[in-house]
Every structure is written in structure tokens, then in C-alpha cells.
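Q: Please take a close look at the part of this model where protein and DNA meet. Describe it in one connected account for someone who has not seen it before.

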Number of protein chains: 2
Amino acid sequence: MATILEVAKRAGVSKATVSRVLSGNGYVSHETREKVMQAVAETDFRPNLLARNLSVKSTQTIGLVVTNTLYSGNYFSELMSHSARMLEQQGRQLILADGKHSAAQERAAIDFLLDLRCDGIIIYPRFLTVDEMDEIIAQRKQPVLVVNRRLRQHHSYCIYADQKQISAMAVKALIDLGHRDIGFITGSLDSPTGAERLAGYKAALHERGIPLREALIAEGKWHAQSGAQATAALINSGCAFSALVASNDEMAIGAIRHLTTANIAVPKQVSVLGFDDIPLAPYIVPALSSVRIPVTDMIQEAIARLLAMLDGGSWQEAEAFAASLSLRESVAPGPFAS
Amino acid sequence: MATILEVAKRAGVSKATVSRVLSGNGYVSHETREKVMQAVAETDFRPNLLARNLSVKSTQTIGLVVTNTLYSGNYFSELMSHSARMLEQQGRQLILADGKHSAAQERAAIDFLLDLRCDGIIIYPRFLTVDEMDEIIAQRKQPVLVVNRRLRQHHSYCIYADQKQISAMAVKALIDLGHRDIGFITGSLDSPTGAERLAGYKAALHERGIPLREALIAEGKWHAQSGAQATAALINSGCAFSALVASNDEMAIGAIRHLTTANIAVPKQVSVLGFDDIPLAPYIVPALSSVRIPVTDMIQEAIARLLAMLDGGSWQEAEAFAASLSLRESVAPGPFAS
DNA sequence: TTGTACGCGTTATCAT
DNA sequence: ATGATAACGCGTACAA
């Protein structure tokens, strides 16, 4: 690997001059510029970004921490494609670090990215508690933004959706359609999102004066297969239901699959509701209605806010920037035209 | 950010000593070690990986180049989850760079990762030709492995599947089931994979002595909606078909969706075949059969081979390592248990 | 067992 | 317009 020094020798100039023509800063005569360009071409010179970043104290990269249990599935794809696309426009690079499967490992992933001198971090947490994150944010010098959690202290460092309310709205919509026996398939209950969506279900029943029956609740693990198993469990419990709410689309798909193979006509007798984690889902399974959960909006907002903090821009700029992008339309297909 | 020098001062020792206790290399007395540990804790010291990597000339990271047109969809998730999991076991980090949407940009992504001094690169190419890649591999010092393409020169730097043959097998299977009028939905024909799968279709018909009819071929663009549109085009062409092969699962899903809404009973009259890009697909749509395309196997093999080249290990070790992992089972659900 | 001093490849601040 | 030279933060022979 040719270094800047070798190029300098070959061109008969000093390192400084080469650096000048490469960066475009400072004056260089036309002829020496030519000589340098020539030498660069001859040596296949490529700059060492480690050295450069060490010198300028900035890497133009931002780090993303996600648990690998989310790696399979569309949720993750959405996250990645939107993040990469937005940062690409800003000339920044995304580095993904694996949050693995514990709070300690999520913490380690953050520190790893900071050790790499990422300019900022976005974490989509799974195991760290909000208090732990508040503490982390307070300690680190670089900005660490948290998606999908509501922090107690650093309000401007988190972007969240009201999962409980969204879930409650969905359930109330079913109730208002006349359903009174509504089954509910939870997500993993050790995840805040899972717990909040369940809480929304309970709140909706309470608000409409419908008694809660535990037999209508089955625990799932977010994936399709667990949705099917939960559905089987509900049926076996003997409790009839006229509608079913699954805590995400994958489980809803699993539920529909089970109902179908069990010869229960889905569209007629059972209405299944999922959450819009998978843009494709409604096209795949017509019987499925989905509530929109703004993953995309959240990550978009997080990146815009982070960039504003880094560039020292104002909040207005950040919001305008976020608003100027309508990423969702560009990725998810519109109403299905067949 | 505290540096190693500040820690050294605070502990009353030299940089070198601090470096020794941190890395574990070299002798240090028990008491000075304690003093250093204390100072490290007090200063919240974190090593600067840029400086370290610059010094040791190795980053323990490997780079992955993928076009962002693949970011949405399960193909990408599979790629990422398997890659990250394998590298995690080896204490290495994965850095993803966007290949964007042209050969030049794919080339730029490779160079960017090399400038960051990744120890090696894996590219899942979309626009670069095999000849361009052979040239790139020849020029760069670091190993660049190519997935899903057959290179002309650097045979040990590429991992590929015989897309044409796999496609032909699928079509022949349908023929042997008695089908003679088989529709085919292509992928994007500017992608080698799309072209090869179409070639397989044609070869299978030829081999079984069935005349090729262009009216039975419709062009798709890999996504579900284009699959539905292609199906509509086939129907409008007036050419009846008893079976349909789509060049990937997403389009197969779109096809089934169209047939269903058009009141054509899928399982009875039409057999739809996709390629197993989406592990979930067969569970989603019972009418869909899939041919297994080994994305997972390819990426697994690529990483194993790359690691072997980097660690200077033997090919036997690489193969044994690859074989020791049965990643697929751990991610894709087994036969659907409801 | 510990410290000195140099190298890693750039950028940036001085002079000249 | 160009060239020394000092950072940047860390690893590591080599000496002591």
C-alpha cells in the first residue's frame, strides 16, 4: 500500500504538498499539481482513513446498535434501508454493531462504536432499561439517541411511539365493530413493547366495560410459528373468539395460517389484526388488517435529530429535514394494483 | 476523552506500562497494575481504536458490500444475520457499505472499505461484471470474495450456485407432474441471476421436447407487485397455463395474490413455484412451493473461506469450520408445527 | 519490571 | 507556492 510519503518522493515534492492537492485546501501551482496527480495514479495511492480520522478527530460515521434477534425479519430491513439511505445523502457512513442478547452486550456494543470514534450512536434497545440508558447518555461525551423507548431524563435523546395507546385504539376499533370476544396474542413479555401492547389491550377492554378474561390471552414470541401456537392454545382453551389481535404481523400471519388449516374461515368469522411491522403483509394476506407502527418515522426522526446535534444545526432545521423526506412511500408499495 | 498518557501520569508510570496492563502483554508488578487500574477507572479511559488499528495495521473487521436495492426484503436479512453471527464468534466486526445503484458505486464501496483498512471484503454484486471483479481482485492486496457470481480467473475468490440448473430442475419437476403449459415470470433481466433462471426455464422445456412460447413469459422486477402485474399480463395474453414459475418468492406471492383475487383457485388449477429466498414464504402461502436457493450456504462458505485466508489457515480448516455450523436450522423454522 | 523513543499515515501550523 | 515539523493516540523494540 503506497503511502502519501511515497507519492511525495515520486513526485519530487513534500508530503504537505501532496496532502494539499488531495484535499484541495491551500495553493498549489498547476504544474506541481500535475506531477502529483501523475504520481498518485502510478502508485495506486489510496488514503488511509484510520490515519486521516485520527488526525482530524472525526470519522463521519454514525453507529447503530441492534440486537441480532431482530436481524431476521422486515423490521430490521426497514431500519437499515432507511438509515443507510438518509446517511448516504449526508456523506456519512453507517456502522452496525450487534447488541447480541443481554444488556451488558448492548452496552459493550455502544462502547465499541464509541471507541471507533463514531460521531454519534443510535440504539434500538432490547435489553437495556431506560434508567441504564439515561446513565449512559449522561456519561458519554458523544450523542447517543434511543429509539422506541421513553427516557426519564434525556427527553431530547429519545424517539418513541405510544405503543399502549396504538394497541388500545386497534382493540377499541374491533369492539366498535361489534366484537366482544377478542383474543390477544402477546409478544415476548420481557420486552417493553410487548408489555405495552398487552396493556393497551387491557385498557381498551376496561374502557369499553368488557370484562377481561385471561383465557383469551396467549403468549407469543414475535415470530410466525409462535403466533400459530398461541392460536392453537386459544382454541384449545375452549373460549370462543370472534376477533384476534396479534402483537405483530408475523404472528398474525402465523395465526391466519393456523386458522386456515384448521378449517376456520378467516375473513368471515374471525378478524385478525396485526401491527404494521411488515409493509408487505397486507398484500400477502388479505384477511389481515394492520395498524401502522411508525418504525420508519422513528428512525428517520432519530437520524435527523442526531445530525442536527452533530452539525450544530438548529432544531428547526432538523425537523424541516425530517419532514422533507418521505421515505416510506419510496419503499413500501402503494395500494396493491393487480 | 482521556488518553493513555493522562492515565499514565495519574498512575505515576509511563505510557508503555499502561499499555502493558491494558493489553495483558509483558510483565507488570502487581502493585503498579493496581495503580493503573485505578487510574483507568477514575478517568473513564477508553482506548482509541483508530490509533490502535493504525499502529497494529489490522482492524479485525470485514466489510460487506450490498446494493441498497436489496436492503428491503428477507434476502438481505438473511445475509446480515448469518454474517454477523459468524463473525461475532470470531471476535470480528462487520461493516456494511452501500453498493447503491451502479457499477462505479459498487467499486467505490469496495475502495471505501479498503481505505478503512478492513481486513477483507465480501461483495454480493449487482452491477459489476465478473471481468471487472477479476480485475479488482487482482489489483487489491486484501482479499475480496464474491458471492453469487462465477469468476473467470480467481476461482477461489467466488462462491456461486448454478442458478440455471436449479431453475431447470424446478421446471422439469412440474413437467414430470404432467404440466405442459407453464408460465414463467422472470426477474430483472439485467441481473445475471434473472437471466440464468430464465435460461433454465428454456433449457428445461427444450430438454423435454416442449416448444417454447414467448407468450408464456412475462417480465417481473423481483418484487411482489411486479409478480402480480406479470401474472395479469400472462392472463391477458390469452395463453392458458396450468402452472406458473416465478423467479423469486416475492413475485410468486404477488402472483398468487392476483390469481386469488381474480377468482382462480390456486391450489387446484395452478401450481405456483418460487425460489426459496424467503424462508417464511411457504408458511405464508400454502399454495406456494419453493426451490431451495442456498443464500445462506453461500454467505457461510464465503465467510469461512475469507477467515481462512486471513488467519492463514488451511482450506481444510475453512471447510470444517463451515460444515460445523448449521446456521440455517437455527434461523428458519422447521416444518410448520401448528 | 519499567521507561525511552520511534513508527503507524494523515492533517495542519508554521516558516520560508 | 512549498517544505519542515509537530500533533493525533497507541503499540513495541530496545535499553536500563
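A: Helices here are DSSP runs of type H or I with at least four residues, numbered from the N terminus. With that numbering, helix 2 and helix 4 of chain A and helix 2 and helix 4 of chain B each supply at least two residues of the surface near DNA strand D. A residue is near a strand if one of its heavy atoms lies within 4 Å of it. The model is a predicted one.

DNA strand D is surrounded by 28 residues, and the closest are A:Thr17, A:Arg20, A:Ser29, A:Thr32 and B:Ile4. By class, this surface has 11 nonpolar, 10 polar and seven charged residues. On the DNA side, 66% of the strand D atoms within 4 Å of the protein belong to sugar or phosphate, and the rest belong to bases.

Some individual atom pairs can be named for strand D. A backbone N or O atom of A:Ser14 lies 3.0 Å from a phosphate oxygen of DNA strand D. From chain B, a polar side-chain atom of B:Ser19 is 3.1 Å from a phosphate oxygen of this strand. B:Lys15 addresses a base instead: a polar atom of its side chain lies 3.0 Å from a base nitrogen of DNA strand D.

Now to DNA strand C. Helix 2 (15–23) and helix 4 (49–56) of chain A, along with helix 2 (15–23) and helix 4 (49–56) of chain B, each give at least two residues to the surface near this strand. There are 27 residues around DNA strand C, and A:Ile4, B:Thr17, B:Arg20, B:Ser29 and B:Thr32 come nearest. They divide into 11 nonpolar, 10 polar and six charged. Of the strand C atoms within 4 Å of the protein, 62% are sugar or phosphate atoms and the rest are base atoms.

For strand C, too, both phosphate and base are approached by side chains. An N or O atom in the side chain of A:Arg52 is 3.1 Å from a phosphate oxygen of DNA strand C, and the side chain of B:Lys57 likewise places an N or O atom 3.1 Å from a phosphate oxygen of DNA strand C. At a base, a polar side-chain atom of B:Arg20 lies 2.4 Å from an oxygen of DNA strand C.

A record adds a label for chain A: an unreviewed UniProt entry lists residues 2–56 as "domain: HTH lacI-type". In the model, this span is 71% helix and 0% strand, and its end C-alpha atoms lie 21 Å apart.

Technical notes. Residues numbered from 1 in each chain as written. Chains lettered and ligands numbered in written order. Predicted model: local features only at pLDDT ≥ 70, side-chain atom pairs only at ≥ 80, totals over all residues. Heavy atoms only, no water. Polar contact = N/O pair within 3.5 Å; in protein donor to acceptor, adjacent residues only side chain to side chain. Nonpolar A, V, L, I, M, F, W, Y, C, P; charged D, E, K, R; others polar. UniProt positions renumbered as here; feature names shortened; annotations may be inferred.
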